[in-house]
Amino acid sequence: VSFQSRVERTPAGDIRLHLADDERALLREVADELGSLLEEAPDDPSLRRLFPAAHDDEELEREYRELTRGQLDAGRERSIETLRETADRELLTPEEADAWLRALNDARLVLGTRLDITENFDWEAFDANDPQAPELALYAYLSWIQEQLVEAM
Amino acid sequence: MLEVHHNGKSVVSSGGREKAELDVARLHAYGLWATMQQD
């Protein structure tokens, strides 16, 4: 694995991706899984960080959810769909790159919730034999791609 | 921006409930953790 930048901005303002086929396959898989989770298990506890409470008050919170959940879901579905459809693309438009950022961030939040990753998470203690190691590695990979996208944009 | 970095939270919008909810929803769309607080 080379750690030089895999994402760069072209003079025309598009985003060029230098990603291997297996990385693209992985990203498509992430988009598929996140998409089905949102569609089939919208109340799954691992999604709670995607839909934080806006109010402490229960009644106000219920109203807020009724008002916004549909739109938030639709926005998420769109960005996940874009990631899935453009996973093999070498060049992304700024809009597509923005969708990638949103979808990758959502995937990180869901994984982070599942793995109970917090600010003080001790990455030094990473153990390849940990049963959660593959998901932790995926989390780290998504964070890295996200960082590169942000830097390129 | 620095305030949120140092303190973990920051007031980013104020106004009536409807406007504030719209702003909160916009932040939730980006995966940011926003809540409403009545002053």
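Confidence first. In chain A, the lowest value belongs to helix H4, residues 133-152, with a mean of 92. The highest belongs to strand E3, residues 91-92, at 97. Those are pLDDT values, and they come up because this is a predicted model. Over the whole of chain A the mean pLDDT is 91, and 97% of its residues reach 70 or more. Chain B has a mean pLDDT of 80, and 97% of its residues reach 70 or more. A general caution: where pLDDT is low, the predicted coordinates should not be read in detail. For the complex, the predictor gives an ipTM of 0.75 and a pTM of 0.85.

Now the layout of chain A. It has four helices and three strands. Going along the sequence, the order is β-β-α-α-β-α-α. Along the principal axes, the C-alpha atoms of chain A fill a box of roughly 50 × 40 × 25 Å.

I will spend the rest of the time on helix H2 of chain A, residues 58-86, and the helices it packs against. Two packed helices are described by the angle between their axes and the distance between the axes.

Start with helix H1 of chain A, residues 21-40. How are H1(A) and H2(A) oriented to each other? The angle between them is about 155°, and the axes are 9 Å apart. Angles over 145 degrees count as roughly antiparallel, so that is how H1(A) and H2(A) are described. Their crossing is left-handed. On the H1(A) side, the contact residues are Leu27(A), Arg28(A), Ala31(A), Asp32(A), Leu34(A), Gly35(A) and Leu38(A). H2(A) contributes Asp73(A), Arg76(A), Ile80(A), Leu83(A) and Arg84(A). By class, this contact of H1(A) with H2(A) has six nonpolar residues, one polar and five charged.

Next, helix H3 of chain A, residues 94-115. Here the packing angle with H2(A) is about 110°, and the axes are 8 Å apart. H2(A) and H3(A) are therefore roughly perpendicular to each other. From H2(A), the residues involved are Arg76(A), Ser79(A), Ile80(A), Thr82(A), Leu83(A) and Thr86(A). They meet Glu96(A), Ala99(A), Trp100(A), Arg102(A), Ala103(A), Leu104(A) and Asp106(A) of H3(A). The contact of H2(A) with H3(A) divides into six nonpolar, three polar and four charged residues.

The third partner is in the other chain: helix H2 of chain B, residues 17-29. Its axis and that of H2(A) come within 10 Å and cross at roughly 40°. What does that make the two helices: parallel, perpendicular or oblique to each other? H2(A) and H2(B) are oblique, and the crossing is right-handed. H2(A) brings Leu60(A), Glu63(A), Tyr64(A), Leu67(A), Thr68(A), Leu72(A) and Arg76(A). H2(B) brings Arg17(B), Glu21(B), Val24(B), Ala25(B), His28(B) and Ala29(B). Counted by class, the contact of H2(A) with H2(B) has seven nonpolar, two polar and four charged residues.

One residue to mark on the structure is Arg76(A). It is listed in the contact with H1(A), in the contact with H3(A) and in the contact with H2(B).

Last, salt bridges. The count over all chains is 18. One example joins the side chains of Arg62(A) and Glu66(A), at 2.8 Å from N to O. Why are these two about one helical turn apart? Because Arg62(A) and Glu66(A) are four residues apart in helix H2 of chain A.

Conventions
Residues numbered from 1 in each chain as written. Chains lettered and ligands numbered in written order. Heavy atoms only, no water. Axes fitted to C-alpha atoms, helices over the stretch in contact; angles between N-to-C directions. Parallel < 35°, antiparallel > 145°, perpendicular 65-115°, else oblique. Left-handed = near helix turned anticlockwise from the far one by under 90°. Contact = heavy atoms within 4.5 Å. Nonpolar A, V, L, I, M, F, W, Y, C, P; charged D, E, K, R; others polar. pLDDT = per-residue confidence, 0-100. Salt bridge = Lys/Arg side-chain N within 4 Å of Asp/Glu carboxyl O.
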